[in-house]
Amino acid sequence: MSNEKGSAPPGRRYPAFWEKAVPIALVAIAAAIVLLLGVALAVALGAWRG
Amino acid sequence: MSTLIRVLPFISCVVSLVFAFFVFRRYARRRGSHLLLWGIGMVLYGIGGFCEAYYSAFGWNPLVFRLWYLCGAILVAAWLGQGTVYLLARRRWAHALMALLALGSLYAAWRVFAAQLDPALMTSGLHTGSELSGRAIVTPGVRTLTPFFNTYGTLTLVGGAAYSAWLFWRKRILLHRTIGNILIAAGAILPAFGGTFSRIGIPGALYLGELLGAVLMFIGFIRATTPMQAAGAGAQAPTTKAPSPS
């Protein structure tokens, strides 16, 4: 069963808007995390005092 | 200092304390370490906002600055993130990380309250002095603590909320929790970006980021804990243990 693998059963869908919006938002959040970690690393290493 | 910058932290303080009240009320009904820690985290958020509002209204005060730096700059993200750790991680790991966080918080409190301060440094470089800034801390090594706490907080709070949203989205269940977790993740990121923009000299960026962050997280929490009326994917029960502000 697909559910045992953690994926959606066939045919189960969110409304069309959310089907597109959710993955876009998640990718944007992931990119933001990477960016912030870079800033934090720069500050911790003293490379950027701001 | 513009009127807007004066008002923003006061609103942030009110929003975050109201948010904390909702979280504590839910904790009183349902229990759960994650709710308790999120409530504490939002109180820390509120204290940070209060200190910023005090600075905007009355100017420099060393005690207020120290409280702001400890609660608002160092601890808030990490304690909120620790709540998410209790939701996502095994209990044993969560307890171990909680012990580390508690010890780290005590050490940070000692360093912040023992540090030498010079408010004149907040107007040096790109920083305008219109907002509180860690630049006022003269003693070396204190500001170095901040990225460690904030990195832990960002990874656990933002990463945990995004991971939760992804789990729900992958199974196409509980749409309200998917949306709520995305809003929480986005809201938790905003103060960090506000701080970054403030570092490069954009006035009001930190306070605006904090206000928008508190509002988004609050909306996200309400969204995640309120089932949607529409039938279909969003109305089904989860089949696995999935993190949410339940």
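Two residues are taken to be in contact if their C-beta atoms, placed from the backbone, lie within 7 Å. The exercises below apply to a predicted model.

**Exercise 1.** Describe the side of chain B that touches chain A, by its number of residues, its elements and its residue classes.

*Solution.* Begin with the count: 28 residues of chain B are in contact with 22 residues of chain A. Next, assign the chain B residues to elements, where helix H5 (145–171) and helix H6 (175–199) of chain B are the ones that give two or more residues, and H5(B) supplies the largest share with twelve residues. Finally, sort this side of chain B by class, which yields 15 nonpolar, nine polar and four charged residues.

**Exercise 2.** Determine how helix H1 (residues 3–30) and helix H7 (residues 205–224) of chain B are oriented where they pack.

*Solution.* The two helices pack at an angle of about 25°, and their axes are 9 Å apart. Because angles under 35 degrees count as roughly parallel, H1(B) is roughly parallel to H7(B). The crossing of this pair is left-handed. Among the residues that make the contact are Phe19(B) and Phe22(B) of H1(B), together with Phe218(B) and Phe221(B) of H7(B), and the contact as a whole divides into 15 nonpolar, two polar and one charged residue.

**Exercise 3.** Place Ile29(A) within the largest nonpolar core.

*Solution.* The largest nonpolar core has 84 residues, and Ile29(A) is among those with the most contacts inside it, as are Val158(B), Ala185(B) and Ile189(B). Leaving aside neighbours within four places in sequence, Ile29(A) is in contact with Val158(B), Ala162(B), Ala185(B), Ala186(B) and Ile189(B).

Notes:
Residues are numbered from 1 along each chain as its sequence is written. Chains are lettered from A and ligands numbered from 1 in the order in which they are written. This is a predicted model: local features need pLDDT of at least 70, side-chain atom pairs count only at pLDDT 80 or more; totals for chains, interfaces and linings use all residues. Helices (H or I, at least four residues) and strands (E, at least two) are DSSP runs, numbered from the N terminus. Ala, Val, Leu, Ile, Met, Phe, Trp, Tyr, Cys and Pro count as nonpolar, Asp, Glu, Lys and Arg as charged, and the others, Gly among them, as polar. Axes are lines fitted to C-alpha atoms, for helices over the stretch in contact, and angles run from 0 to 180 degrees between N-to-C directions. Angles under 35 degrees count as roughly parallel, over 145 as roughly antiparallel, 65 to 115 as roughly perpendicular and the rest as oblique. A crossing is left-handed if the near helix is turned anticlockwise from the far one by less than a right angle, and right-handed if clockwise. A nonpolar core is a set of buried Ala, Val, Leu, Ile, Met, Phe, Trp, Tyr and Cys residues joined through C-beta atoms within 7 Å. A residue is buried if 20 or more other C-beta atoms lie within 10 Å of its own, exposed if 12 or fewer, and partly exposed in between; C-beta atoms are placed from the backbone.
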